[in-house]
Structures are given as structure tokens and as C-alpha cells.
Amino acid sequence: MMATVYKSTGSWYVVQDAEGNVFNARIKGKFKIDNITSTNPIAVGDVVLADMENELEHTLTITDIAPRKNYITRSSPHNRNQHHIIAANLDQSLLFATLREPKTSLGFIDRFLITSEAYHVPSIIVFNKSDLYQQKEQEQLLEIREIYEAIGYKVQGMSIEKNEGVEEVKLLLKDKTTLLSGHSGVGKSSFINIVFPELKLRTQDVSGWSGKGLHTTTFAEMFNLDFGGRVIDTPGIRELGLVDISKQELSHYFPEMRKLLNDCQFNNCMHINETRCAIKDAVSAGTIHPERYYSYLNILESITKKAY
Ligand SMILES: Nc1nc2c(ncn2[C@@H]2O[C@H](COP(=O)(O)OP(=O)(O)OP(=O)(O)O)[C@@H](O)[C@H]2O)c(=O)[nH]1
Ligand SMILES: [Mg+2]
Ligand SMILES: [Zn+2]
């Protein structure tokens, strides 16, 4: 039988068949997938082949995994060779960000967007907790919206607390498999709880937030939407290590740079100090935002370090 993975808690997986029957499943033997070395062989969203192990106990044995349409991994900031597959077979990802409690940096947002571009998963940025934004943050949000919408990313404001923008975000989920991602404490599980009031997932107060150590959600889990589609709650990401992106490739994952790359004088231009560089010209002309170029240089530097 075929089944889809809804949750992984280590050696056991919670899976559903096409009729929505739920089973606990585990792997027998070893299989290697997609030539990637990951800490987890199977992830939420994977489609697997399975045999009945015990009918009374509703357990299955997973025998194989179907080819993935795509997947998103993260590497540990401490061990970049260790990849963890966050989820597979996604239609889109919603990056939850906040400008207060905790503040999401533009650098983090860019790293996330680049990872999604590299894995061909379209992303949308959702700024939650807008009820906490003072004038300063409201102005920041306008500026951020301008930066990202100019590149082609949708930016949506939301306050779960005040129930503003929530319906708009729900509409984005219809008939799609959506990954919710972002730092710990930005409100991913709170959002799921609004969409599925019967679930009552654990969420946690971030007053006196130190930004460290607290992770309320510990395993990724997928839920079926009654209006069509599926949504995946994930544990917060503290720092996003970039996976398998070379220095030469990096600018391809900035959509506003990608379309100019043919105009650089050198086809191996890194857009740092080369002459007749279309990217640097665009930064000077204001068509590429300096913050994005700054992110580009920052990420380039982190890739350089990785090589040693
Ligand atoms: N003021 C305000 N607080 C919110 C809002 N949305 C969520 N929160 C609060 O933020 C805190 C963290 O929310 P969670 O939903 O647990 O965050 P999470 O993203 O799931 O965190 P992890 O599971 O650790 O990744 C909770 O105390 C929520 O009540 C909002 O729109 N405004
Ligand atoms: Mg959570
Ligand atoms: Zn260039």
C-alpha cells in the first residue's frame, strides 16, 4: 500500500493511506535516497510504500519511498555536513517572521528565501504579531514589503492576537501542501491552532524572551485542511545553514540578480569588484536594494569560510 508521512518522531512514523486511515510505521532495513546524506531517511510529506505489519495494532513496515518532487533540508550550524530533511513534496513555504518578540533579521529571511529558491519551493513571507508593532516597526514593515514585493515575493501582515490577516493567510493554503517555517516563538503553532481549533497544540509565551533554547514544537507534523490542502508545523529554526550552494551559484538564487547575470562583463563574475558588473550597477542605480546586496556578500563570505 501507499501512504503519506504526517509525523516523524525518530524511529516511528505516523502515516495516512489514501482513505485517511492512520497507522504507525517503521523502516525495515536500510535504503538510501536521492544521494543525500541526511540524519533522517524519511520526512514529513514523503510518500512511502508499506506492508501491513500488525493489523490489530495498525502498524506498517515501510519498504520503499516514492521519488520526491522536492524537499527542504537544513544543515546544522555546527556540522554543515549533517543535513536534516525538514519536509518533502511541498507546493510552497510560508516563512513566519516578526519585527518584535522575537525580531527576525533580513539576513535570516534572505537565507530562507535562497534555500527555497535552490529547492524550487515558492515562498511567501508572513509578518505576524503586527499588534505589537509601534510606529517604528510599522514603517519598517512598509519598507520590507517594498523590498520583497519588488522582487516578486508576496508579503502578508498578520496578527493572530487581533485576528487580522488570518483569513488572508488561510486562503493561501487552499489545495496546497504548505510548510510553515521561521524562528521559534513567531506563532507557527498559534496559527495552526486558529485553523484547527480542536487541535490545541502547545504554544509558549515568549515574555522575557531570550531568543535561545526554547523550542515549543519539537517534531514537524502535517495536518489536513478541511477546505482542501495540507499544512506542516515545524520546530523553530534558530540559524539556517545553507546547504550545497556554491559561490558561483549563489546569485542565481536572488531572483532580481538572476535576470541580470548575462549582462556582467565576465561570465564568472562574483559581483564584488569586477569591472562592468550588472549587479553592482543595479545596486548603484537603486534597482537592487542595498540590503539584498549586503545579504549576498554576507552569504558569499559564509560559503567561502565553509570551503576551508
Ligand atoms: N502579541 C502577539 N502574540 C502572539 C501572536 N501570535 C502568537 N503569539 C504568541 O507568541 C508565542 C509563541 O507562539 P507559538 O505559536 O508557540 O510559536 P511557534 O512559532 O510555534 O514556536 P516554536 O514551536 O518554538 O517554533 C505564544 O505566546 C503566542 O501566544 C500575535 O499575533 N500577537
Ligand atoms: Mg510551535
Ligand atoms: Zn557581476
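**A zinc site, a helix pair and two loops**

Along the sequence, the residues that donate to the zinc ion (ligand 3) follow the spacing C-x4-C-x1-H-x5-C. In this predicted model, the pattern corresponds to Cys-264, Cys-269, His-271 and Cys-277. The three cysteines each bind through SG and the histidine through ND1, at 2.0 to 2.4 Å from the zinc ion (ligand 3). The angles among the four donor atoms run from 101 to 117°, and the site is tetrahedral. For four tetrahedral donors the ideal angle is 109.5 degrees.

Confidence should be considered before other regions are read. The protein chain has an average pLDDT of 89, and 88% of the residues reach at least 70. Residues 207-213, however, have a pLDDT below 50, and this stretch makes five contacts in the model beyond near neighbours in sequence. Predicted coordinates should not be read in detail where pLDDT is low.

Attention may now turn to a pair of helices. A packed pair is described by the angle and the distance between the two axes. Helix α3 covers residues 166-173 and helix α4 covers residues 188-195; their axes come within 11 Å and cross at roughly 85°. Because angles of 65 to 115 degrees count as roughly perpendicular, α3 is roughly perpendicular to α4. On the α3 side, the contact is formed by Val-166, Val-169, Lys-170 and Leu-173, while α4 contributes Phe-191, Ile-194 and Val-195. Sorted by class, the residues in this contact of α3 with α4 comprise six nonpolar and one charged, with no polar residue.

The loop that leads into α3 also holds a backbone feature. Asn-163 is located between β10 (154-157) and α3. Its phi is near 55°, which is a positive value in a residue other than glycine.

A second backbone feature occurs earlier in the chain, in the loop between β8 (92-98) and α1 (106-118), where Pro-102 is placed. The peptide bond joining Glu-101 and Pro-102 is cis, with omega at about -5°.

Terms used: Residues numbered from 1 in each chain as written. Chains lettered and ligands numbered in written order. Predicted model: local features only at pLDDT ≥ 70, side-chain atom pairs only at ≥ 80, totals over all residues. Heavy atoms only, no water. pLDDT = per-residue confidence, 0-100. Contact = heavy atoms within 4.5 Å. Axes fitted to C-alpha atoms, helices over the stretch in contact; angles between N-to-C directions. Helix = DSSP H or I, 4+ residues; strand = E, 2+ residues; numbered from the N terminus. Parallel < 35°, antiparallel > 145°, perpendicular 65-115°, else oblique. Nonpolar A, V, L, I, M, F, W, Y, C, P; charged D, E, K, R; others polar. Donors = N, O, S within 2.8 Å, 3.2 Å for Na, K, Ca; no water. Tetrahedral: all angles 85-135°; square planar, octahedral: opposite > 155°, others 65-115°.
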